[in-house]
Each structure stands twice: as C-alpha cells, then as structure tokens.
Amino acid sequence: MEFVPGPAVHRVLCADCGTPIIPNSANLCVACLRNTVDITEGIPKQSSVSFCRNCERFLSPPQTWTLARPESQELLAICLKRLKGLNKVRLTEAHFIWTEPHSKRLRVSLTIQKEVLTSTILEQIFEIEYLVQHGQCPDCTKLAAKNTWKALVQVRQKVSHKRTFLYLEQLILKHGTQKDTISVKEVRDGLDFFYSQRSHAIKMVEFLAGVVPVRSKGSEQLLSTDTHSGTANYKFTYSVEIVPICKDDLVCIPPKLARQLSNISPLTICTRVGNSFQLLDPTTLQTCEISAQVYWRAPFVSLATVTDLVEFTILDVEPSGTVRGKWVSADAQVAMSGAFKSHGSYGDQDTIMDHESSSLSTQIFHTRTHLGAILQPGDTALGYHLSNANFNSDDFSSLPSSRIPDVILVKKTYPNRRKKNKTRNWKLRSIAKEAGEEGETGAGRGVVGRMGGRDQKKVEEDYELFLQDLEEDPELRGTVNLYAAKDTKMRDATDGARKKGGQYGMDVDQMDTSHATVANGDEQDAEEEADFPAVKLEELLEEFDEMTLGDSEDS
C-alpha cells in the first residue's frame, strides 16, 4: 500500500516573540495575545455579598433575600449577579474554591470566552474574591423592634391540662412549621403565634387543621391608609379552637348524634386524635370517626379525663372471640389495685383515697374490655370507675343503668416500671419562645409552662404524663421526633419521699420510712414488666444545634 503524506501544516512566526504558530488573523501566539488583550477588563476581581445572620439568608439583587447553603448553586447564582460586565463575555464555567468557613470570604473561579479579533476567540480563567458582609434583612430588622407583627394565630383549647399543646409543639417541630414564627406567647387556655406576613399565619392555620380537629375564623384591623395611593396597612388575627376531646377521655355522645353514627353506644372512649377523633365502644368494638365539622354542629365535652383514671388489677381475662384490628374483645375480672393487701400496708390513713376506704375497694368487678390482646392475669390497667360516679351531663343521666358498666378499662399500665428509678435515654426539643409578656423568658417545659406561678406544678405533672404516654404508646412515638440524651445520670433512690427527675427522670413514689417495713419486700420482689414498650435506640435521632430550637430541660 502506497504511503500518502498528509497535507503540509503551514506555520508562521509570532509577530512579537517569533514562536512558530498556526496562522491567525492577529499573527500572535496565545501568550502574546493575552498580554495584548485582556478579556476580563471591566469585570471586578473583588466584590461583596450581604448575609443576614439571624435568618441565614443572602441578598439577591436587587431586593430579594434568598436562603442558600454554602457552595450551593443558589449561592453561586447570587455571586454571579453581583458582577458587572459578564454580559459582554461568554461564561463557560463557574465553581467555588474552598475557603475556611470563618474567613468571611468566598472565592469563585470563572472561565470566560470572548472574540478579540476576526474569527479569533480567546478563553481565560480567573478568580474573584467575595467579602461576606453581615447585616440584617428587613424582616429581621422588624423583629428586632417590639410589636411589629402583622399576623397573629390564637390557638385555644378549653381543657384543664396542657398535654395537647405539648404534643402540638412536637408536631410543629417535626414538620418544621416553626421557621416562620416570630415568637410564641403563652396565654390562658392556649398559645399565640406571631408572624411577619399574613401568608405565614394562613399556612399555620392550615397545618393545625391537618393535625388536630379545629374550627377557625379570621379578622383584620385597619392600622393606616393612604388615600392618594389607595393602599392600607392591616393586622390580621386568626382564632383557632381545638376540640376539647383528648385521647383516653371518657365521652358520652348525644343520643341523636349516636344514632347517626351507625347507632353506636353513647358511652365511648377516645382512642385517637388527628384531623378528626375516633371513638370506640369497648363493649362491642364499634368505632366511629367524628370530624371537626360534625362536632361543632352539636358540641359536647368529656365526662372524665386521664386524671380521673383508677388503677385496677386484672384477675382473669377470657377472650370472647370478637376481633377488630388491634382490639380484641374479652371478659375480664378486675379489682382495685391493692384491694387484697393488709390494712397495715396503707400506712397513714390520711393518704387513703375515698374509693380505697370504701367497701368497693375489695369488690371484684366483671367488665368487657377491648384490651384482650395485651392483658394477662396479674397485669395492671387504668380505667374509669363508674359504680358511684356522678357526672354533670344530661346525656349520661338519660342512659339506662343496664348500659353503664361498673368499670371501663382504658389502657394497660406498668407500675413496676415506674417504681424502678431509671433514667430516660431520650429527650425532646422545644421551640425558642417568649413567655407572658414579649421579651420575658421562663423555665417551663417547652412551649408550655413559661408563665410560672401557681400552675407550674400542674404543668410539670402534665409534662410527665406526656412523657409516659410517649414511652407506653409506640404509635404516638412514631409521630414525634425523639433525640438521644447525652450525659444522663442515674439518681439515688433515697433522695426524698417524692422526687421529680426533670425530663430524663420519672416520678418516683416512696412510702414513709416508718411504714417501709411492710411493703419493702413487695417492692423489691416486683420485677419489671417484660412487655414494656421501651424506646429503642433506632427510634432516636442524633441531636443537632439549630438556631430556632432549644433543649427542653430545666434551666
């Protein structure tokens, strides 16, 4: 095969340095061309970006403040907008060069192209340094002043406890709804959420309607108006009322509404609360869902709450065969907790409850329960004692006595676990908030209990009950975020008659030392329940520092 040489490459000498080059319109090599023509002329090599330390946003020209993470595409776009003269060249590549996080400097490498002579395109790589200037955005400037809110959401629930708001706080934290909140103020029967924009308040109202049954209404107040431009300044207020029915409450449905709900028995217990609440008849396992719209047409209240629950000991359980979901119907024989103890074990007679000293304390009750799947003889359950109950309710009074059981069991409890002085290996987070008057702070539990005063002890008890509910109910734990606790310390079991261990510890009831000899053997022999739904390690999240969050601990 005959060799065919390629076409000869003609070269010329560079007009400046004499280097052989391929001919071009300038007859200059690349090095000499760059020395002659600077395509970066008119583009500043140093610039600045504005950063708000309160909300962690950057100023995107001309007046938009944008949330951008370090070395992100959004931050790179903001940096490029700050440069003048980029419209005269072609930008082919841009990326960040690593700098120390605390140097307040951003370095960006740019690759640009520009036609310098006829059919001659020159490419050049250069670096631009940005100075990060700290300041305040207009929104944070308003927050620094007092009473600059534009929208207010008033959340109320007319109940005697605060557990609903403790749970609501955890839902807000899990879904990140608190990021637009200026401040949170505790008031009687609820909380006030302040916002700088009306849209943020509407978003909070929609969130509340999605997690709890509520009704809401809005109002507006005219602050000022401009007759020349036709503009006005308003303050908006949204009132949100939560249904006063909570989980494990005893409810008597009005007869007319009960007939509409598949003719369910009026005497029920509340098993779940979401955007609607679910009621269960423990005798027949019949359930019904009541939405907020249906409830507010004919409102009713609970007959009894979890503070009225009484401990019962399970003597015998026999499943009846009816099963619906996780509920199993069973016939049970129960007696009050400690009914068959000797009278000397009570110790001080002043501490005995009325139902303990009555003849009913040693009586055996027969009842039908929905907890047949988890109850075993010897277990302890909490329930409502209705034998001598007196409720201020016309609906309850209209029920025939044959339809009112002596005892309604609500949930299984673990008293031996409570006697063990164990430290919780988990904790909750709380919203950074204000208490009472704006600007003041408190040492309460999370978003509730910041006002202090005579209700502080009641809030502490509600908080402890809320933590116990989280421990004993895996389904409830799945709706909130639990964080691993660090440096938890075990407490001495001999420190006082009754101690509160803060968030990590549990309430421990100890008898007086003069009567300890009677019941000491029973307490030592009591073993922890094997089926206690303990919080597993895989359910816990690692703790991260956030500007809008604070640990829910004692100060």
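Which residues have the most contacts inside the largest nonpolar core? In this predicted model, Val153, Leu168, Phe193 and Leu470 hold that position, within a core of 39 residues. The core draws on several elements: strands E9 (151-156), E11 (190-195), E13 (231-242) and E26 (482-484), together with helices H4 (163-175), H5 (198-211) and H11 (456-472), each supply at least two of its residues. Helix H4 gives the most, with 7 residues. A closer view of Phe193 shows what surrounds one of these residues. Leaving aside residues up to four places away in sequence, Phe193 touches Ala151, Leu152, Val153, Val155, Ile172, Thr181, Ser183, Val184 and Met204. A second core, separate from this one, has 33 residues, among them Ala304, Met336, Leu371 and Phe391.

Attention now turns to the strands, beginning with an open sheet. Its 6 strands follow the order E5-E4-E3-E8-E7-E6, and their pairing is mixed. Strand E5 (64-67) and strand E6 (90-97) stand at the edges; each has a single partner strand, so one side of each is left without a neighbour in the sheet. On average, and with direction ignored, neighbouring strands of the sheet are turned by 35° against each other. Within the sheet, strand E3 (residues 46-52) and strand E8 (residues 120-135) run parallel and are joined by 7 bridges. One of the facing pairs here is Ser48 with Leu131 of E8. Helix H2 (residues 73-81) lies across E3, strand E4 (57-60), E5, E6, strand E7 (105-117) and E8. The helix runs at about 120° to E6.

A further set of strands is centred, for this description, on E15. Strand E15 (residues 267-273) has 7 residues, and 5 of them are buried, so the strand is largely enclosed by the rest of the structure. Strand E14 (residues 250-252) runs antiparallel to E15, and 3 bridges join the two. Among the residues involved, Cys252 has Leu267 of E15 as its bridge partner. E15 also pairs with strand E16 (residues 276-281), again in the antiparallel sense, over 4 bridges. Here Val273 stands opposite Phe277 in E16. The link between E15 and E16 is a hairpin that passes through 2 residues. For readers following these strands on screen, it may help to recall that side chains in a regular strand alternate between the two faces of the sheet.

Conventions:
Residues numbered from 1 in each chain as written. Predicted model: local features only at pLDDT ≥ 70, side-chain atom pairs only at ≥ 80, totals over all residues. Heavy atoms only, no water. Buried < 20%, exposed > 50% of the residue type's maximum accessible area, 1.4 Å probe, protein only. Pairing = 2+ DSSP bridges. Axes fitted to C-alpha atoms, helices over the stretch in contact; angles between N-to-C directions. Contact = heavy atoms within 4.5 Å. Core = buried A, V, L, I, M, F, W, Y, C linked by side-chain atoms within 4.5 Å.
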